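User: I'd like a close look at one small part of this model, with enough of the surroundings to make sense of it. Can you keep it informal but spell out the cut-offs?

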Amino acid sequence: FCLSLRKLDLSHNCIKHSKSVAVLRHLSSLTQLNLSNNELTELDGVFQIQSLNVLDVSKNRVSTVSTRI
């Protein structure tokens, strides 16, 4: 991993499960993540990335957001 990575754009990648991006929690410098235009239906794995300040999950299939944010 590139531990100094701050911004990551994973938009338009047909990502279906947020748990597949949970591995990014090891990127302690990651503050901006773009997951727009994918096929996500839930965000639980995304919330494991504690360093995020900006998260774009627009144009996905998410219908509810956990209260554990």
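What follows is my request about one residue, and then the reply. Where does asparagine 38 lie, is it buried or exposed, and what is it in contact with, leaving aside its neighbours within four places in sequence?

Analyst: A quick word on ground rules: this is a predicted model, where local features need pLDDT of at least 70 and side-chain atom pairs count only at pLDDT 80 or more, while totals for chains, interfaces and linings use all residues. Numbering starts from 1 along each chain as its sequence is written, and side-chain values use heavy atoms, with hydrogens and water left out.

Let's set the scene. The protein has zero helices and three strands, running β-β-β from the N terminus on (these are DSSP runs numbered from the N terminus: helices are H or I with at least four residues, strands E with at least two). The radius of gyration is 11 Å, close to the 11 Å that the globule rule gives for 69 residues, so the protein is as compact as a globular protein of that length (C-alpha atoms are used, and the rule is 2.2 Å times the number of residues to the power 0.38). Along its principal axes, the C-alpha trace spans about 30 × 25 × 20 Å.

The three strands make an open sheet, ordered 1-2-3 with parallel pairing (strands pair if DSSP finds at least two bridges between them). Strand 1 (7-9) and strand 3 (54-56) are the edges, each pairing on one side only. Strand 1 is joined to strand 2 (residues 32-34) by three bridges, and leucine 8 has leucine 33 as its bridge partner there.

Now to your residue. Asparagine 38 sits in the loop between strand 2 and strand 3. With a relative accessible area of 6%, asparagine 38 is buried (buried is under 20%, exposed over 50%, partly exposed in between, with a 1.4 Å probe and protein chains only). Its side chain has two backbone partners to look at. The backbone oxygen of leucine 10 is reached at 3.1 Å, and the backbone nitrogen of isoleucine 15 lies 3.0 Å from a polar atom of the asparagine 38 side chain. Both are polar contacts (N or O atoms within 3.5 Å; within protein, one must be able to donate a hydrogen and the other to accept it, and residues adjacent in sequence count only if both atoms are side-chain atoms).

As for plain contacts (heavy atoms within 4.5 Å), and leaving aside neighbours within four places in sequence, asparagine 38 is in contact with Leu10, Ser11, His12, Asn13, Cys14, Ile15, Lys59 and Asn60. Two of those partners have unusual backbones to check. Histidine 12 has a positive phi of about 60 degrees although it is not a glycine, and cysteine 14, also not a glycine, has a phi near 60 degrees. Histidine 12 belongs to the loop between strand 1 and strand 2, as does cysteine 14. While asparagine 38 is buried, histidine 12 is exposed at 57% relative accessible area, and cysteine 14 is exposed at 52%.

Leucine 40 lies in that loop between strand 2 and strand 3 too, buried with a relative accessible area of 0%. Beyond four places in sequence, leucine 40 is in contact with Ile15, Lys16, His17, Ser18, Leu35, Asn60, Arg61 and Val62. Leucine 35, for its part, touches a list that, with the same four-place exclusion, includes Leu10, Ser11, Ile15, Leu40 and Asn60. Leu35 also joins Leu24, Leu30 and Leu33 as the residues touching the most other members of the 13-residue largest nonpolar core (a set of buried Ala, Val, Leu, Ile, Met, Phe, Trp, Tyr and Cys residues joined through side-chain atoms within 4.5 Å). In soluble globular proteins, nonpolar side chains tend to be buried together.

One more asparagine is worth a glance. Asparagine 34 lies in strand 2, and its side chain makes a polar contact with the side chain of serine 36 at 2.7 Å. Beyond four places in sequence, asparagine 34 is in contact with Leu8, Asp9, Leu10, Ser11 and Asp56.
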